[in-house]
Amino acid sequence: MSTKNLVSGLPVLDANKKTCETCLKGKQSRLPFVSEKPKRSKTALEVIHSNIYGPFEVPTIGGSKYFITFVDEHTRMLWLYTIKLKSEALEVFKKFKTLTEKESGKSIKILRTDGGGEYTSKSFEEFCSNEGISH
């Protein structure tokens, strides 16, 4: 604007002609980040992720204050069960295992959990060991 005298009283500045290497690098483009991580599992039920959430202040109509989720890594299918106590985790897992294995004809190989106390009981570990599930 100042070189074409479009604004009166605007001083003419002498721009520095040096190129800033950091500025040039900041303007460079790069390849996009990978949007999806490669899956560890190749078939359904090979790897199951599970967690228990709660307690919630307001219980469900049935009196449950927690819910437990199971997510299949390959299909991303999610199963959700409401429970009253964390100690019900083993019984719910047994129901889930029976249901999914009968429906799919495949067996659970790996169970991934966050290491919470609800999954570390001796009976839970014993069940997984007897069923050939790596926990």
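# A walk from F70 to helix α2

Start by selecting F70, which sits in strand β2. Keep in mind as you click around that this is a predicted model. Is F70 buried or exposed? Its relative accessibility is 1%, and since anything under 20% counts as buried, F70 is buried.

Now show everything that F70 touches. Leaving out residues up to four places away in sequence, you should light up I48, H49, S50, M77, L78, W79, Y81, V92, F93 and F96. Keep F96 from that list in mind, as we'll come back to it.

**Next stop: strand β2**

Widen the selection to β2, residues 66–72. Five of its seven residues are buried, so the strand is largely enclosed by the rest of the structure. Add β1 (47–53) and you'll see an antiparallel pairing with β2 over six bridges. For a landmark, pick I48: it stands opposite D72 of β2.

Then bring in β3 (78–83). This strand also runs antiparallel to β2, again with six bridges. Which residue of β3 is the bridge partner of I68? Click on Y81. Follow the chain from β2 into β3 and you trace a hairpin, with five residues between the two strands. Stop in the turn at R76, where phi is positive, at about 65°.

While you have the strands on screen, here is a handy rule for reading them: side chains in a regular strand alternate between the two faces of the sheet.

**The whole sheet**

Add β4 (110–112) and look at the four strands together. They make an open sheet in the order β3-β2-β1-β4, and the pairing is mixed. Which strands stand at the edges? They are β3 and β4, each with a single partner strand, so one side of each has no neighbour in the sheet. Turn the view to look along the sheet and check the twist, which averages 20° from one strand to the next. Packed on this sheet is α2, which touches β1, β2, β3 and β4 and has a direction about 145° from that of β3.

**Over to helix α2**

Select residues 89–104 to get all of α2. The helix has 16 residues and reaches 22 Å from first C-alpha to last, close to the 22 Å expected at 1.5 Å a residue. Colour A89, L90, V92, F93, F96, K97, T100 and E101, the buried residues of α2. Why do they end up on the same side of the helix? Because they cover an arc of only 155° around the axis. The general rule behind such patterns is that an α-helix has 3.6 residues a turn, so residues three or four places apart point the same way.

Spin the helix round and you'll find K95, K102 and E103 exposed on the other side. Back on the buried side, the residues pack against β1, β2, β3 and β4, and also against α3 (122–131).

One of the buried set deserves its own click: K97, a lysine in α2. Its relative accessibility is 8%, which is why it counts as buried. Beyond residues up to four places away in sequence, K97 touches I108, F127, E131 and I133. Before leaving the helix, step just past its end to G105, where phi is positive, near 75°.

**Last stop: the aromatic rings**

Show the aromatic side chains as sticks. The structure holds ten aromatic pairs. Zoom in on F70 and Y81, an edge-to-face pair with 6.0 Å centre to centre and 75° between the planes. This pair links distant parts of the chain, strand β2 and strand β3, at residues eleven apart.

Now swap Y81 for F96. How are the rings of F70 and F96 arranged? They are stacked, 4.3 Å centre to centre, with 5° between the planes. This pair joins strand β2 to helix α2, across 26 residues of sequence. Draw a distance between the C-alpha atoms of F70 and F96 and you should read 8.3 Å. F96 is buried too, with a relative accessible area of 0%.

To finish, select F70, W79, Y81, F93, F96, Y119, F124 and F127 together: they form one aromatic cluster.

Terms used:
Residues are numbered from 1 along each chain as its sequence is written. This is a predicted model: local features need pLDDT of at least 70, side-chain atom pairs count only at pLDDT 80 or more; totals for chains, interfaces and linings use all residues. Side-chain values use heavy atoms; hydrogens and water are left out. The expected span of a helix is 1.5 Å times one less than its number of residues. Buried means under 20% relative accessible area, exposed over 50%, partly exposed in between (1.4 Å probe, protein chains only). The arc is that of the directions from the helix axis to the C-beta atoms. Contact means heavy atoms within 4.5 Å. Two strands pair if DSSP finds at least two bridges between them. Axes are lines fitted to C-alpha atoms, for helices over the stretch in contact, and angles run from 0 to 180 degrees between N-to-C directions. Rings of Phe, Tyr and Trp (its six-membered ring) pair if their centres lie within 6.5 Å; planes under 30 degrees apart count as stacked, over 60 as edge-to-face and the rest as tilted.
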